[in-house]
Structures are given as C-alpha cells and as structure tokens.
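Let's take a walk through this model together, starting with the overall layout and then stopping at a few spots along the way. Keep the sequence and the 3D view open as you read.

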Amino acid sequence: MTKDSLAYISIARGYKAGGFNTNGSLDADLREFNEENLVEYELGYKSILVGGDLTLQLALFYDDRKDQQVKSSLVRVRPDNTTEFIDFFGNAAEGTNRGLEIDVQWAISDSLAVSASAGWLNAEFDDFINEFGEDLSGRDQAHAPDYMYSIRFDWERGPWSTSLSADTKDEFYFSDRHAVRSNDHTLINASISYQARNWLLTVWGRNLTDEDYYTRAFGSFGNDPRKFYVTEPYYQFGEPRILGLTLDITLKES
C-alpha cells in the first residue's frame with residue numbers, strides 16, 4: 001500500500017495424517033482415526049508508524065476443518081475393580097475456527113518500550129457426536145479460550161533495566177470428553193536487573209498476585225475412598241507466586 005504498510009489475503013489448505021491408537025484395551029472401532037483437512041482464509045494488515053517507532057499487525061482468519069482430529073479419553077474398570085484411564089484420538093465431522101489477532105510494538109522513548117497483543121477466538125464443533133453418543137455440535141472446542149491478551153513494559157537506563165507484564169486468558173474446556181473448564185485468570189510478572197562489566201543480577205517474580213488457576217483437569221474419576229469413590233473433577237494448579245534472585249557471571253579467559 002505504501003513503503004511502510006501492506007495488506008494481504010491468503011487461502012491455504014492443510015492436511016494432518018491419520019493414525020492409530022495403540023492401547024490394546026480400546027474397542028476395535030476406536031483403534032484408528034482418520035486424516036484431517038483444513039482450509040484457512042486470512043486477511044491481514046501490517047504497518048510501521050511514528051517514524052518506525054510503532055509497528056502494528058492485524059490478522060483476521062476463518063478455518064474450515066473437516067474430519068477434525070480430537071483428543072478424548074475414557075475410564076475402564078479392570079477385573080479387580082481398579083480403573084484405567086485411556087487417552088486416544090478420534091474425529092469430529094466438522095469444526096470452524098474464526099478469530100482476530102492484534103500485535104503492537106511501540107518504542108515510546110530510548111528507554112521505554114511497550115508491547116501488547118490480543119486475540120479473540122470462536123472455535124466450535126459444527127457437527128460432532130462423540131464415541132459416547134453425546135452431541136457436541138455447537139460446543140466450544142477444547143483448549144480454545146474466547147480471548148487472550150497481554151501487555152509488557154520494558155525500561156532501560158544505564159546499567160538498570162526492568163520489565164512488567166500482564167497476561168490474561170479466558171476460561172476454556174479442558175477436554176472434549178467432559179465439561180470441566182478452566183478459570184479465567186491474569187498473571188502479573190516483573191523483574192529488575194543490574195548489569196555490571198561481567199555479571200548480571202536480576203530480582204524477579206512470577207504470578208505476583210498469587211492467582212489460583214488451573215492448567216489441567218480430569219472430569220470423570222472416582223478416586224477418593226472418603227467419598228466412596230464418587231465421580232468428581234480433579235485439577236492441576238499452575239505455579240503460585242514465585243520470587244527469585246538470579247546471578248549470571250561471565251568468566252574471562254586468562
């Protein structure tokens with residue numbers, strides 16, 4: 001469009017090979033899964049602004065997925081009444097992913113820079129009856145939050161530098177096998193560093209607000225004898241607030 005901006009449109013076709021689930025206790029009709037085909041349409045814009053100090057990227061996409069590969073799981077009871085958890089891959093008939101992505105990088109001054117990104121996603125099954133007979137048509141696909149965004153500030157002056165960032169993610173389904181969802185959360189991270197001639201000292205912190213959030217979940221276990229093995233979800237938490245001190249030393253050869 002100009003020497004500092006461009007727009008594009010693309011149409012791409014993707015293919016993911018099928019394969020086999022090798023767990024011998026699966027039923028015969030769950031041993032094999034088919035290939036997946038995808039056609040993606042994307043419209044984008046990229047620009048350099050403010051004399052090169054600001055860059056902007058936009059992308060709008062639409063994905064048409066056929067025979068979509070999905071990860072599922074089931075619980076089998078062994079002859080001794082213990083249970084076995086089995087992961088396997090299957091196929092949904094159709095799925096659609098559509099969304100918008102924005103990325104901005106801005107050098108505000110010689111010392112201060114900010115970067116920000118945001119994404120909005122609508123990822124649904126158009127036609128999917130799973131191996132348990134459940135109709136998931138119209139439901140969100142697993143691990144597909146409706147929105148994600150982040151912002152980061154970096155400052156540097158002489159030997160000192162610091163950064164502050166915030167990352168936000170919406171809730172999402174952990175699996176297409178059950179309805180257990182994550183919680184939406186925001187993680188705050190920061191660091192401050194001092195650079196000397198041959199060493200670098202950094203004080204840093206992750207998840208400074210000590211946010212409780214889930215990174216994984218199981219939705220169909222009966223694992224607690226105190227509750228007579230009632231089926232309930234189990235969660236894996238992300239790391240809590242962590243503070244640290246890092247010293248990097250460069251040793252010079254004599």
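**A walk along the sheet**

Let's begin with one pair of residues: Val-75 has Phe-85, in strand 6, as its bridge partner. Keep in mind throughout that what you're looking at is a predicted model. That bridge belongs to the pairing of strand 5 (residues 54-77) with strand 6 (residues 83-107), which run antiparallel and share 23 bridges.

Now zoom out. Strands 5 and 6 are part of an open sheet of 10 strands, and if you walk across it you meet them in the order 1-4-5-6-7-8-9-10-11-14, with antiparallel pairing. At the edges you'll find strand 1 (5-16) and strand 14 (242-249), each of them paired on one side only. On average, neighbouring strands in this sheet are turned by 15° against each other, if you ignore direction. As a bit of background, strands in a sheet pair through backbone hydrogen bonds, and the pairing can be parallel or antiparallel.

Let's walk in from the strand 1 edge. Strand 1 pairs with strand 4 (residues 36-49) over 12 bridges, in the antiparallel sense. Here Ser-5 stands opposite Ser-47 of strand 4. Ser-47 also has a bridge partner in strand 5, namely Leu-56. So what joins strand 4 to strand 5? There are 13 bridges between them, and the two strands run antiparallel. They also form a hairpin with 4 residues in between, and one residue in that turn, Val-50, has a positive phi of about 50°.

Val-50 has company when it comes to positive phi. Asp-67, which sits in strand 5, has a phi near 50°, a positive value in a residue that isn't glycine. Asp-67 counts as partly exposed because its relative accessibility is 34%. Phe-228 is another non-glycine residue with a positive phi, near 55°. You'll find Phe-228 in the loop between strand 12 (214-221) and strand 13 (232-237). Is Phe-228 buried or exposed? Its relative accessibility is 75%, so Phe-228 counts as exposed.

Next stop, back in strand 6: Thr-96. With a relative accessibility of just 3%, this residue counts as buried. Its side chain joins that of Asp-126 in a polar contact of 2.4 Å. If you leave out residues up to four places away in sequence, Thr-96 touches Tyr-62, Asp-63, Asn-122, Ala-123, Glu-124, Asp-126 and Gln-141.

Time for a look at Tyr-173. This residue lies in the loop between strand 9 (160-169) and strand 10 (185-195), and it is buried, with a relative accessible area of 14%. What sits over its ring? The charged end of Arg-181 does, 4.3 Å from the ring centre. Arg-139 also lies over the face of Tyr-173, at 3.9 Å from the centre of the ring. Arg-181 has a further link to Tyr-173: their side chains make a polar contact of 3.2 Å. Beyond its neighbours within four places in sequence, Tyr-173 is in contact with several residues, among them Asp-140, His-143 and His-178. And if you measure from C-alpha to C-alpha, Tyr-173 and Ala-217 are 9.2 Å apart in space, with 44 residues separating them in sequence.

Last, the aromatic rings. Two numbers describe a pair of rings: the distance between the centres and the angle between the planes. The structure holds 9 aromatic pairs. One of them is the edge-to-face pair of Phe-172 and Phe-174, 5.3 Å centre to centre with 65° between the planes. Both Phe-172 and Phe-174 are buried. Tyr-214 and Tyr-235, on the other hand, form a stacked pair, with 4.1 Å between the centres and 25° between the planes. Tyr-214 is in strand 12 and Tyr-235 in strand 13, so this pair ties together parts that are 21 residues apart in sequence. Tyr-214 is partly exposed, with a relative accessible area of 22%, and Tyr-235 counts as partly exposed too, at 36% relative accessibility. To finish, look for Trp-160, Tyr-194 and Trp-199, which ring pairs link into a cluster.

Conventions: Residues numbered from 1 in each chain as written. Predicted model: local features only at pLDDT ≥ 70, side-chain atom pairs only at ≥ 80, totals over all residues. Heavy atoms only, no water. Pairing = 2+ DSSP bridges. Axes fitted to C-alpha atoms, helices over the stretch in contact; angles between N-to-C directions. Buried < 20%, exposed > 50% of the residue type's maximum accessible area, 1.4 Å probe, protein only. Phe/Tyr/Trp six-rings, centres within 6.5 Å; stacked < 30°, edge-to-face > 60°. Lys NZ or Arg CZ within 6 Å of the ring centre and 35° of its normal. Contact = heavy atoms within 4.5 Å. Polar contact = N/O pair within 3.5 Å; in protein donor to acceptor, adjacent residues only side chain to side chain.
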